[in-house]
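Please keep the structure open while you read this note. Each point below names a place to look.

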Amino acid sequence: MRILILYGSQTGTAQDVAEQLWRASKKRNFDSLVMAMDDYQIQQLTEEHLVLFVVATTGDGKEPDNMQNTWKFLLRRNLPVDSLSNLQFACLGLGDSSYAKFNYAAKKLNKRLQQLGAQPIIPLALADDQHDYGSNAVVIPWMTNLWEVVEERLGLSCRNAENLHETFIFKWHCCRLDHASVLDEGNYHLLWPHRQTPTHSFKLINNVRTTDPSHFQDVRFMQFEVPESATWLPGDVIEVHPHNSAKQIDEFFALVQEHELDFDSNTVVKMSSNHQDMILPKCYSKPLNVRQMATSIWDLSAKPRQRFFELLALNCEDNMEKEKLLEFITSDGLEEVVNYINRPRRTVLEVLQDFRHASSKLTLEICIEMFSFIQTRSFSIASCVESKTLDLLVAVVEYKTKMSSPRLGLCSNWLKCLKIGDNVLGFLKRGTMQLPKELNTPLIMIGPGTGIAPFRSIIQKHTINQSDLDSHKSLMWIFFGCRNRSKDFHFQSDLELWHKQNHIKLLVAFSRDQDHKIYVQHLIEENSQELKNLIKECNAYVYVAGSSTNMPKAVKEAFINVLDKDEAYVEKMFKINRYQEETWS
């Protein structure tokens, strides 16, 4: 029987889980196919009998980019209510409960499929990154239950289900070429190995630290030249593709050399698919060497996923190491994964260094399947297009765990190390914020920390259009929060000048400059009467940007208090997009 596995994935996690399902189905001798939803001809869904959906939720309850066309089609009002009556399905959602619209995309898809007549074979499962065991706390038992139901309830035989970890279904075929093979001089497919085409190349003209040297975090203000044809709107974002650091690359090849593996940095390969329906990634479309893979494609900073442990164990001849690696991919091993991987944030490179017997049996074919791809990272654009520069505010991720070396964010540290004159490929993308059409609509913007970035672009745009507005009335209220006025007050000169010129009303909470902590939510409640009038009488829009941990909830509660405990009114604002959040974890 054919099993179709469709995924909507933004960072690669849902794709990875979908491919786990695909491998498990292949081992059970099912005729199966896995692909991104938008790569599938969704009109053919009426001809399918069993489909497994793995769906991530991105941003404020949005569906991933590679399922948006599918979702638009499924929402068509002219689809008959029985169009999918022959379809049985299972749906797994991957989300993060720190966001208000937790697993919203999976919930919507599950509901819509049933509205069109499809029948779920098992209940919708919602994995949560915030769980102590991470998403695997739901994913692993859901998969176990799925195959039991497929075999028992649907009367299908899952053959060859024994010793499932003794083999591995490889996606790609790796043909080695002579070291002297001439590689294509154009490496565009490596600089941007993603499905969407990068919009432009941006030349770096400024890269400075904005926080005081004594501040715990390095935050960079970065400016890029703007090509004449580049355009974006306030609130939009840019996606960039980072590379691994020279230190990581050297550590990887030191391990390769130490274990005398069957390849080196100069080994050249030509890639092809082992399966007729498996699409070859753009980064493998031309011959390339292993150094190029280790630089631009493989994420050497990533936490290992299940397939990493499974592949590392594949050729391992040390019983103790093999047993431990296979334990990591079971429900019984979840606590071990938390203690060994999640809490200390161990990377794939560090696991290879710990499991030396297993690492000594690696092959190039295993490495190609084992490493996750580097994903793009998104940053809010902190300038409007009329300013003639594309500005970013980047918090450089560096923190300590029990590991001897600090944990470093791949993209932020890559951006930090860029030199003036370097060119960066970028994909300009619409942000989640929707601005009111009327320029004279008041805006209330709450952006502590680097959350101020998208609001700077909005303010710049408004100041340019100021001639169309009442210059004696501040239509924009800005609530900014940071620790200290002297250490991490981002865009201080810009914001204070705009406040002085009456373009904005600026209120700043410095949480550490006095004995008692002051946050943006406190300033909101202190100005409750004016804010209430703006919201109720002037139909003001509220925008919140920043960390998704505690701030958005506290700000929402403050606005409920401002509106005399009228929670229903705030919820209505959410529904009609007068209250919008753009947060990240």
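1. **Lysine 388.** This is a predicted model. Start at a single residue with an unusual backbone angle: lysine 388 is not a glycine, yet its phi is positive, at about 75 degrees. Find lysine 388 in the loop between β13 and β14 (389-395). Is lysine 388 buried or exposed? Its relative accessibility is 64%, and exposed means over 50%, so lysine 388 counts as exposed.

2. **Asparagine 539.** Here is another positive phi. Asparagine 539 has a value of about 55 degrees, although it is not a glycine. Look for asparagine 539 in the loop between α18 (528-538) and β21 (541-547). Its relative accessible area is 44%, so asparagine 539 is partly exposed.

3. **Strand β10 and its side chains.** In a regular strand, side chains alternate between the two faces of the sheet. Now check strand β10, residues 237-240. Val237 and Glu239 point one way. Ile238 and Val240 point the other way. Which of these residues are buried? All of them are, Glu239 included.

4. **The partners of β10.** Strand β10 is joined to β13 (residues 377-380) by four bridges, and the two run antiparallel. Within that pairing, valine 240 has arginine 377 of β13 as its bridge partner. Strand β10 is also joined to β17 (residues 423-429), again by four bridges and again antiparallel. On that side, look for leucine 428 of β17, which stands opposite isoleucine 238.

5. **A three-stranded sheet.** What is the strand order in the open sheet of three strands? The order is β7-β11-β12, and the pairing is antiparallel. The edges are held by β7 (172-177) and β12 (288-289). Each of these edge strands has a single partner strand, so one side of each is left without a neighbour in the sheet.

6. **Bridges within that sheet.** How many bridges join β7 to β11? There are six, and β11 covers residues 268-273. Two residue pairs let you trace the antiparallel run. Tryptophan 172 has serine 273 of β11 as its bridge partner. Leucine 177 is bridged to valine 268 of β11. Next, move to the pairing of β11 with β12. These strands also run antiparallel, and two bridges join them. Valine 268 appears here too, with asparagine 289 of β12 as its bridge partner.

7. **Aspartate 60.** Which residues does aspartate 60 touch, leaving aside those up to four places away in sequence? They are Lys101 and Glu581. Aspartate 60 itself is found in the loop between β3 (50-56) and α2 (68-74). Now compare sequence with space for one of these contacts. Aspartate 60 and glutamate 581 are 521 residues apart in sequence. Their C-alpha atoms are 6.7 Å apart in space.

8. **Glutamine 521.** This residue is found in helix α17, residues 520-526. Buried means under 20% relative accessible area. Glutamine 521 has 16%, so it is buried. Its contacts include Ala554, Val555 and Ala558, not counting residues up to four places away in sequence.

9. **The whole chain.** Step back from single residues. The chain has 20 helices and 22 strands. Its radius of gyration is 26 Å, close to the 25 Å that the globule rule gives for 585 residues, so the chain is as compact as a globular protein of that length. Along its principal axes, the C-alpha trace spans about 75 × 55 × 50 Å.

10. **Burial and contacts.** Of the 585 residues, 54% count as buried. Now take the contacts between residues at least 6 apart in sequence. What share of them joins residues at least 24 apart? It is 79%.

11. **Surface and charge.** The accessible surface of the chain comes to about 26800 Å². Carbon and sulfur atoms account for 47% of that surface. The chain carries 65 positive and 73 negative charges. The mean positions of the two sets are 4 Å apart.

How values were computed:
Residues numbered from 1 in each chain as written. Predicted model: local features only at pLDDT ≥ 70, side-chain atom pairs only at ≥ 80, totals over all residues. Heavy atoms only, no water. Rg over C-alpha atoms; globule rule 2.2 N^0.38 Å. Buried < 20%, exposed > 50% of the residue type's maximum accessible area, 1.4 Å probe, protein only. Contact = heavy atoms within 4.5 Å. Areas by Shrake-Rupley, 256 points an atom, 1.4 Å probe, with all protein chains shown as cover. Lys, Arg positive; Asp, Glu negative; His and termini not counted. Charge placed at Lys NZ, Arg CZ, Asp CG, Glu CD. Pairing = 2+ DSSP bridges.
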